[in-house]
Amino acid sequence: MAEHLIIEGASKAEKYQTLLPQAHALIQGETDLVAALANLSAALATTFDWLWTGFYLVKNEQLVLGPFQGPIACTRIPHGRGVCGSAWAQNRTLLVDDVDAFPGHIACSSSARSEIVVPIRDAAGKVVAVLDVDSDQLASFDQTDADYLERIVAPLAALLPAG
Ligand code: SME
C-alpha cells in the first residue's frame, strides 16, 4: 500500500480525479469494512479542507458513528433525523448549503455551516452506511462533490454482505 496519497490539480474536480483511483485502491486492498472506511476518511480529510469527514453505519435501525476525522461527534442518529438520517431514509445524496436552514439538522459542531451526505449501499441497493462531510463555510458542496463522492464509495458494496 502506498504510504502517501498523490493529489494533483488546483480545482476540486482535478483533486477528486487524482484521489479517485487511490481511494479505490485503498478499498480494493482491504476486506474489512471498518479498516477501509478508516483509511477512506483519512484520504478524504487530507485531500480537502473540511471540518469533519466520516461514516455512520446502520445498526439496529439507527446510524452509529464509525471511522471519521475531525472533532468528536454525535454517536447515534435515528432514521429520518438530521441530514444523515434523511439521506438514509430517502436513499439519496443530500446537499445542504446552509445547515441552519435544514429542518432537524443535528449540530454535532457549532462550526458546521454546510454539509453533504452520501448513502452507501450494499449490492442489493439497501443503505447500510452514510458518508457525512461537514464544512465550516456556507455552500461548500455541489454536484461535483456529489458525483465524485458517490463514485468513491461505490466499491464499498463489495465489502458488505448483500441484504
Ligand atoms: N449534522 C449531521 C449529524 C452528524 S455530524 O455533522 C458529524 C446531521 O444533521 O445528520
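These are my notebook entries on the cores, ring pairs, salt bridges, cavity and helix 3 of a predicted model.

**Entry 1, the cores.** I began with the largest nonpolar core, which has 31 residues, and looked up the members that touch the most others: they are W50, I120, L131, L149, I152 and L156. I then listed the elements that give two or more residues to this core, and found helix 1 (12-28), helix 2 (33-47), strand 1 (52-59), strand 5 (114-121), strand 6 (127-135) and helix 4 (143-153). Helix 1 supplies the largest share, with 6 residues. I also noted a second core, separate from this one, with 18 residues, including L63, A73, F102 and V117.

**Entry 2, around W50.** Since W50 is among the core members with the most contacts to other members, I looked up its partners, leaving aside its neighbours within four places in sequence. The list reads Y16, L44, V133, D134, F141, D145 and L149. Of these names, D145 returns below as a salt-bridge partner of K12, and Y16 as one half of a stacked pair with Y148.

**Entry 3, aromatic rings.** I counted 6 aromatic pairs in the model. The one I followed is Y16 with Y148, a stacked pair whose ring centres lie 5.0 Å apart, with 0° between the planes. Y16 belongs to helix 1 and Y148 to helix 4, so this pair ties together parts of the chain that are 132 residues apart in sequence. I checked the accessibility of both residues and found Y16 and Y148 buried. The ring pairs also join up into a cluster made of Y16, F48, W50, F141 and Y148, which brings me back to the tryptophan of the previous entry.

**Entry 4, salt bridges.** Which residues do the salt bridges join into one network? The count is 2 salt bridges, and I took them in turn. In one of them D142 meets K12, with the closest N and O atoms 3.2 Å apart. In the other, the side chains of D145 and K12 meet at 2.5 Å, N to O. D145 lies in helix 4 and K12 in helix 1, so the pair ties together parts that are 133 residues apart in sequence. Because they share partners, the bridges join K12, D142 and D145 into one network.

I then compared how these three residues stand towards the outside. D142 has a relative accessibility of 34% and therefore counts as partly exposed, and K12, with a relative accessible area of 26%, is partly exposed as well. D145, by contrast, is buried, with a relative accessible area of 0%.

**Entry 5, the cavity.** I searched for cavities of 30 Å³ or more and the count came to 1. The volume of the largest cavity is about 150 Å³. Its lining consists of 19 residues, and those that lie nearest the centre are I106, C108, E115, D132 and D134. Strand 1, helix 3 (82-90) and strand 6 are the elements that give two or more residues to the lining, and the largest share, 3 residues, comes from helix 3. D134, I note, is also in contact with W50.

**Entry 6, T53.** Because strand 1 is one of the elements of both the core and the cavity lining, I looked at one residue of it, T53. T53 is buried, with a relative accessible area of 2%. Leaving aside its neighbours within four places in sequence, I found T53 in contact with S41, L44, A45, F68, Q69, D132 and V133.

**Entry 7, helix 3.** Is helix 3 largely enclosed by the rest of the structure or largely open? Of its 9 residues, 7 are buried, so the helix is largely enclosed by the rest of the structure. The buried ones are G82, V83, C84, G85, S86, A87 and W88. I looked up what they pack against, and the list holds strand 1, strand 2 (62-69), strand 3 (76-78), strand 4 (94-96), strand 5 and strand 6. Just after the helix comes N91, with a positive phi near 50°.

Key. Residues numbered from 1 in each chain as written. Predicted model: local features only at pLDDT ≥ 70, side-chain atom pairs only at ≥ 80, totals over all residues. Heavy atoms only, no water. Core = buried A, V, L, I, M, F, W, Y, C linked by side-chain atoms within 4.5 Å. Buried < 20%, exposed > 50% of the residue type's maximum accessible area, 1.4 Å probe, protein only. Helix = DSSP H or I, 4+ residues; strand = E, 2+ residues; numbered from the N terminus. Contact = heavy atoms within 4.5 Å. Phe/Tyr/Trp six-rings, centres within 6.5 Å; stacked < 30°, edge-to-face > 60°. 1 Å grid on protein atoms, 1.4 Å probe; cavity = no way out; pocket = protein on both sides within 12 Å on 5 of 7 lines; lining within 4 Å. Points joined across faces, edges and corners; volume = space filled by probe spheres on them.
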